[in-house]
Amino acid sequence: MNSKQRCARYAQSLIKEGMIVGLGGGQTIQYLIEEIKEKNRNLKIVTPSAKTAMLCMQKGMDVVPLQWIHSLDMAFDGCDEVDAQFCALKSGGGIHTLEKITASMAKEYILMVDETKYTQTLKYTHPIVLEVLPEAYSFICERLKALNFIFAYRQTNKKDGFLFSEHGNVLIDVYLSSYIDPKTLYDLLKSITGVVEVSLFVKEVTGILLAREDRVEFLRK
């Protein structure tokens with residue numbers, strides 16, 4: 001059993017019968033889905049990830065649309081980085097706005113990571129992603145230039161031009177060359193008119209399942 005599987009098994013032990021549970025995306029979540037299915041619990045699943053939703057439905061789970069739910073018992077997700085102050089950076093999937101809505105609805109929002117993703121302070125080895133209104137794109141680029149940020153709009157080799165979010169918004173990757181306090185950085189970026197959401201999670205995380213080489217630690221805020 002690898003560290004992600006151990007993390008998923010620990011997460012499964014926290015889930016109780018009849019809960020409404022939020023699930024993010026990634027390999028560890030896929031392992032968690034297998035663990036949940038094996039226990040055959042009467043759960044309702046909410047997810048911002050189309051891939052996770054499809055996998056859950058294939059396993060016969062009860063997947064409820066996000067807009068029908070106002071509160072979750074627990075939510076589990078992964079991230080690119082999380083620090084000892086429970087600030088996290090998510091960037092890969094480009095669905096951080098929906099992920100943040102899910103996190104905010106949850107009584108407990110728990111990230112599942114291995115040791116490589118846990119640091120005392122964020123390293124910003126991955127870009128911070130801004131979801132922005134298309135009409136504000138040029139304005140936001142000028143503001144980022146004035147703030148001396150390095151940035152680029154999100155692209156994919158599957159299509160030409162912008163990669164849009166599920167809501168038709170543009171994704172901008174912002175790169176940091178030096179450390180800035182996550183909460184200060186979040187407030188600065190979110191304050192730019194036209195920015196829908198920022199992929200920094202500075203208040204939502206309540207717990208971390210940290211998979212070490214020989215054990216899983218549950219860190220609580």
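Glutamate 217 and arginine 215 form a salt bridge in this predicted model, with 2.8 Å between the closest N and O atoms. Glutamate 217 also forms a salt bridge with arginine 212, where the closest N and O atoms are again 2.8 Å apart. Arginine 215 in turn meets aspartate 214, side chain to side chain, in a salt bridge of 3.0 Å from N to O. These pairs belong to a network of salt bridges that links Glu115, Arg212, Asp214, Arg215 and Glu217. Side chains of opposite charge can pair when their charged atoms come close. Over the whole structure, a search finds 13 salt bridges.

| Salt bridge | Closest N to O |
|---|---|
| Glutamate 217 and arginine 215 | 2.8 Å |
| Glutamate 217 and arginine 212 | 2.8 Å |
| Arginine 215 and aspartate 214 | 3.0 Å |

The accessibility of three network members can be stated. Aspartate 214 has a relative accessibility of 60% and therefore counts as exposed, the cut-off being over 50%. Arginine 215, with a relative accessible area of 41%, is partly exposed. Glutamate 217 has a relative accessible area of 22%, so this residue too is partly exposed, as buried would require a value under 20%.

**Threonine 47**

Threonine 47 sits in the loop that runs between strand 2 (44-46) and helix 3 (50-58). Its relative accessibility is 12%, so threonine 47 counts as buried. Two polar contacts involve its side chain. One reaches the backbone oxygen of leucine 23, at 2.7 Å. In the other, a polar atom of the threonine 47 side chain lies 3.0 Å from the backbone nitrogen of serine 49. When neighbours within four places in sequence are left aside, the residues in contact with threonine 47 are Leu23, Gly24, Thr52 and Ala53. Leucine 23 thus appears both as a contact of threonine 47 and as the residue whose backbone oxygen its side chain reaches.

**The four-stranded sheet**

Strands 10, 11, 9 and 12 make up an open sheet of 4 strands, in the order 10-11-9-12 and with antiparallel pairing. Strand 10 (150-153) and strand 12 (195-198) are the edge strands, each pairing on one side only. From one strand to the next, the twist averages 25 degrees. Strand 9 (residues 128-132) runs antiparallel to strand 12 and is joined to it by 3 bridges. Within this pairing, valine 198 of strand 12 is the bridge partner of leucine 130.

Two helices pack on the sheet. Helix 4 (residues 96-105) touches strand 9, strand 11 (170-175) and strand 12, and its direction makes about 65 degrees with that of strand 12. Helix 6 touches strand 9 and strand 12, and the angle between its direction and that of strand 12 is about 165 degrees.

**Confidence**

The protein chain has a mean pLDDT of 92, and 95% of its residues reach 70 or more. Confidence is highest in helix 6 (residues 182-190), with a mean of 98, and lowest in helix 2 (residues 27-39), with a mean of 91. The helix with the highest confidence, helix 6, is also one of those packed on the sheet.

Key:
Residues numbered from 1 in each chain as written. Predicted model: local features only at pLDDT ≥ 70, side-chain atom pairs only at ≥ 80, totals over all residues. Heavy atoms only, no water. pLDDT = per-residue confidence, 0-100. Buried < 20%, exposed > 50% of the residue type's maximum accessible area, 1.4 Å probe, protein only. Polar contact = N/O pair within 3.5 Å; in protein donor to acceptor, adjacent residues only side chain to side chain. Contact = heavy atoms within 4.5 Å. Salt bridge = Lys/Arg side-chain N within 4 Å of Asp/Glu carboxyl O. Pairing = 2+ DSSP bridges. Axes fitted to C-alpha atoms, helices over the stretch in contact; angles between N-to-C directions.
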